[in-house]
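Morning, everyone. I'd like to walk you through one structure today, starting with the cysteines and ending up at the ligand. Have a look at it while I talk.

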Amino acid sequence: MTLGRELIHLASVASTMDVVDEYARAGAAEGLVVVADEQTAGRGRAGRVWSAVPGSSLLCSILLRPSLPADRLGPLPLAVGVAVAETIESFVPRACGLKWPNDVLIDGRKVAGILLQSRLSARGMAYLIVGIGINVGASLELLPEGATSISASGGDADRESVLATLIARLDRVYRIFLETDGRPDLAEWRRRAVMIGERVTIRRDTDELSGRFKGIDDRGRLLLVLDSGEQVSLIQGDVVRGPRAS
Ligand code: BTN
């Protein structure tokens, strides 16, 4: 197993993303995992804050140095989402949903979030940091609106067991990702996908697009059929159910 050969557990950090970044710049090997009990400046996607009551969540970042060109990495966030969903499903008597690209949901509530941060060098991709936050033991009152945890969903788990399962699942998914040259079978993602076939709005940095969520392609891009009938493929954005508010 490549992932988790080196594991650093810290009590409190600003963000595990920054800790792994420092180790990566100093030449750390692929597979380094940094876990923290608490983050004082946890980050989510699109510049959002990721907050968690200390000790209640699995907060970790993992260093990857994929031997593939950057343009083959599109499906990786989705593959990581599958590994996180499989991990959670082994502790909860429920199926997880996946909201593109990789929010992990139970009954429409977010139980885990994933953040990928890449560093480029003059020669291409230098390394990739995968940050994962899984709500393990927090009660609903202590979680942000619309969130849930493993225990609040009827599951029973401690952070160490969730981490061990997560590393094993991620290692498998990552190995397959590399073996297939970045074109893994995304059937397990599609099986859990929420909102496919529905009318959705994609919120992006500078605009919003509404249409029918047709599915994903083999690069992990979201396929949206606009009202004009034109189909677009998107690599980034937040999916929200329903048409754009006018
Ligand atoms: C999201 O859904 O917006 C992504 C959330 C990612 C949170 C994790 S917690 C561990 C790692 N460190 C961070 O600062 N963020 C990620």
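Let's begin with a definition: here, a disulfide means a pair of cysteine sulfur atoms within 2.5 Å. And just as a reminder, it's a covalent bond between the sulfur atoms of two cysteines. Keep in mind that what you're looking at is a predicted model.

So how many disulfides does the structure hold? Zero. Take C96: the cysteine sulfur closest to its own is in C60, 16 Å away, and that's too far for a bond, because the cut-off is 2.5 Å. Looking from the other end, C60 is in no disulfide either, with the sulfur of C96 as its nearest cysteine sulfur. Are these two buried or exposed? C60 is buried, at a relative accessible area of 2%, and C96 is buried too, at 4%.

C96 brings me to an arginine, R192, since the two are in contact. R192 sits in helix α4, which covers residues 187-192. You might expect me to show you an arginine out in the solvent, but R192 has a relative accessible area of 6%, so we call it buried, the cut-off being under 20%. What does its side chain reach? The backbone oxygen of E188, at 3.0 Å. Setting aside neighbours within four places in sequence, R192 also contacts V82, A85, E86 and E89, along with G97 and L98.

Now for the nonpolar side of things. The largest nonpolar core has 58 residues, and the members that touch the most others are V84, I88, I132 and I134. Which helix gives the most to this core? That's helix α2, residues 76-89, with nine residues. If you zoom in on V84, you'll find it touching V104, A112, I114, I132, I134 and L166, not counting residues up to four places away in sequence. There's another core lying apart from that one, with 14 residues, including I8, A24, A36 and L115.

Last stop, the ligand. It's surrounded by 20 residues, and the closest are S15, Q39, R43, R45 and K110. S15 puts a polar side-chain atom 2.7 Å from a ligand oxygen. On the nitrogen side, Q39 has a polar side-chain atom 2.8 Å from a ligand nitrogen, and a side-chain N or O atom of T16 is 3.0 Å from a nitrogen atom of the ligand. How much of the ligand does the protein cover? 99% of the 420 Å² of accessible area that the ligand has on its own.

That's my tour, thanks for listening.

Terms used. Residues are numbered from 1 along each chain as its sequence is written. This is a predicted model: local features need pLDDT of at least 70, side-chain atom pairs count only at pLDDT 80 or more; totals for chains, interfaces and linings use all residues. Side-chain values use heavy atoms; hydrogens and water are left out. Helices (H or I, at least four residues) and strands (E, at least two) are DSSP runs, numbered from the N terminus. Buried means under 20% relative accessible area, exposed over 50%, partly exposed in between (1.4 Å probe, protein chains only). A polar contact is a pair of N or O atoms within 3.5 Å; within protein, one must be able to donate a hydrogen and the other to accept it, and residues adjacent in sequence count only if both atoms are side-chain atoms. Contact means heavy atoms within 4.5 Å. A nonpolar core is a set of buried Ala, Val, Leu, Ile, Met, Phe, Trp, Tyr and Cys residues joined through side-chain atoms within 4.5 Å. A residue is near a molecule or strand if one of its heavy atoms lies within 4 Å of it. Accessible areas come from the Shrake-Rupley method with a 1.4 Å probe; for residues, only the protein chains shown count as cover.
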